[in-house]
Amino acid sequence: MEPKMHFDMVVEQLQEQSDMVKTITVFGATGHQGGAVARALAADTANFTVRGITRDVQQEVKVDELKAAGVTVIQCDLDDVNSIRMALNNADGCFIVTYTDFSEDDCIKKEIQRGKNIADACRMAGVPHVLYSTQPHTTRVKGIEARHLVAKAEIEELLAGLPLTCFLVPCYYENLFDLLKPRQIDDCGNFVLEIPMGETPLDLVSVEDVGQVARTVFLNKNPFLNKTLSLCGEKLTIREIAAQLTHYLRPYVFKDKPITVNDYKKQGKPWSVDFGNMFEYFVRKDQRYQLQHTKELYPYVQSLAQWIEKNRDKLFSTYSGNSQQQM
C-alpha cells in the first residue's frame, strides 16, 4: 500500500453521491471504531444501508444503540469463513477492524486467523471495496513488540490483492473513558494521567470523525484504492491533555504523572506490556498520523477541546464513578 494519499483535486470529488444505495458490512460494530463507522454510514440513508457484525448479540446496550441508529445487527462467527461469507452476501463494501482480546489464550494468533478468515470470505464474496483499519508493524520497524499493532499489520498483508483502502488510526479521544482513563488519587477530585510519552506529543482522534472519513471513502472509492490514509484529530503532550481536561471538567483537576515504560509494563493488566511497548514505539518513531490530510477529508474533525466539551456530562459521570485509588 502507498504510505499516504495525494489529495490534489480530490476534494472536488468528495461531494459525489452514489447513484444507488450501497450495502456496507461493518465488522467490529460493537466496538469504538466499528460502531462509529456503522453509525456514520447509517445516518446517510440516501447512500447506505449498514449491516453491523458482532460475535455476540447479547451485548444488549451496544446492540440496541446500533439498531436505534438504523444499523441491521447480525451475529457472525469469525472462526467460520462460511458464516462471514453469508454476512458479506451482496455487500458493496465492508469495513474491517479487528479486536485484540487480551483475556484469550493465544489472542494474537486468534486475531490474525480471524483476519485471514475475513480476507478469505471477502475474496469468496467478491466484495468490491474493502476498508481496513491497520497499524504499523512495530517489530519490523523498530524491533518493538506491540502485539496488538503487529497483528493488524500482518492482517493487512493477508488482504493483499483485494480492492483495498487502509486507515491508520491513532489512539482515540474515547479511550479517555477506558484505556487512557485518568486515575483518581484522593477524594478531592484530583486525577493523574499515567501515560509513558514524556514530552512527545500523542496523536489522537475521535472515532466519530473516523466514521465520517469512512463515509467519504465509501462514497468515492476510486481515488482511495490501494492507499493508506493516516488519520489524526490533534497532537498533544500528556501535560496538554491534562490541562484541557482540567479546563473543561472543573472542579476536577488532572495532572501528568510521569511514568517510565518499564513501570507502565508492571501495572499487571493483560495489555500492560503491549501498550507499554506501543508508547515506546510512539516515542522512538515519528508518528505517521496526518492531521492536515484528515481535515481535507473531513473539515469538521474535532480537536480534543471540542470533544471534551461535547462529552462533558459523560466524562463527569465516568470519573465521578472512579473508585478512589491512593498513590
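The paragraphs below lead through a predicted model, from its confidence to its sheets, helices, cores and unusual backbone sites.

Residues are numbered from 1 along each chain as its sequence is written, and side-chain values use heavy atoms, with hydrogens and water left out. Because the model is predicted, local features need pLDDT of at least 70 and side-chain atom pairs count only at pLDDT 80 or more, while totals for chains, interfaces and linings use all residues. The pLDDT is the predictor's confidence in each residue, from 0 to 100. For the protein chain the mean pLDDT is 91, and 92% of its residues reach 70 or more. Residues 2-17 have pLDDT under 50 throughout, and the model has 33 contacts beyond four places in sequence for them; a contact means heavy atoms within 4.5 Å. Residues 323-327 also have a pLDDT below 50, with 13 contacts in the model beyond near neighbours in sequence.

Helices (H or I, at least four residues) and strands (E, at least two) are DSSP runs, numbered from the N terminus. Two strands pair if DSSP finds at least two bridges between them. An open sheet of 7 strands follows the order β3-β2-β1-β4-β5-β6-β11, with parallel pairing. Its edge strands, each pairing on one side only, are β3 (72-75) and β11. From one strand to the next the twist averages 20 degrees; here axes are lines fitted to C-alpha atoms, for helices over the stretch in contact, and angles run from 0 to 180 degrees between N-to-C directions.

Within this sheet, strand β2 (residues 48-54) runs parallel to β3 and is joined to it by 4 bridges, with Thr-54 standing opposite Gln-75. Strand β4 (residues 93-96) pairs in the parallel sense with β1 (residues 22-27) over 3 bridges, where Cys-94 is the bridge partner of Thr-25. β4 also pairs in the parallel sense with β5 over 3 bridges, and Phe-95 stands opposite Leu-131 of β5. Gly-93 and Phe-95 point one way from β4, Cys-94 and Ile-96 point the other way, and all are buried. Buried means under 20% relative accessible area, exposed over 50%, and partly exposed in between (1.4 Å probe, protein chains only).

Two helices illustrate how helical segments are enclosed. In helix α1 (residues 32-43), 9 of the 12 residues are buried, so the helix is largely enclosed by the rest of the structure. The buried residues of α1 include Gln-33, Val-37 and Leu-41. The expected span of a helix is 1.5 Å times one less than its number of residues; the 12 residues of α1 should therefore span 16 Å, which agrees with the 17 Å between its end C-alpha atoms. In α6, the buried residues include His-148, Lys-152 and Glu-156. They pack against α4, β5 (130-134), α5 (138-142), β6 (164-168), β11 (227-230) and α11.

A second open sheet, of 3 strands, has the order β8-β9-β13 and mixed pairing. Here β8 (183-184) and β13 (253-256) are the edge strands. β9 and β13 pair in the parallel sense over 4 bridges, and Asn-190 has Val-253 of β13 as its bridge partner. α9 lies across β9 and β13, running at about 175 degrees to β13. In the loop between α9 and β13 is Pro-251, which a cis peptide bond joins to Arg-250, with omega about 20 degrees.

A nonpolar core is a set of buried Ala, Val, Leu, Ile, Met, Phe, Trp, Tyr and Cys residues joined through side-chain atoms within 4.5 Å. The largest nonpolar core has 42 residues, of which Leu-202, Phe-279 and Phe-282 touch the most other members. Among the elements that each supply at least two residues of this core are α4 (107-125), α6 (147-158), β9 (190-193) and α11 (272-284). Beyond its neighbours within four places in sequence, Phe-279 is in contact with Leu-180, Ile-195, Pro-196, Met-197, Leu-202 and Tyr-264. Apart from the largest core lies another, of 34 residues, among them Phe-218, Leu-219, Leu-231 and Leu-297.

Two loop residues deserve separate mention. Most residues other than glycine have a negative phi, and most peptide bonds are trans. Asn-90, in the loop between α3 (81-87) and β4, has a positive phi of about 60 degrees, and counts as exposed at 63% relative accessibility. Asp-106, in the loop between β4 and α4, has a positive phi of about 55 degrees and counts as exposed at 56% relative accessibility.
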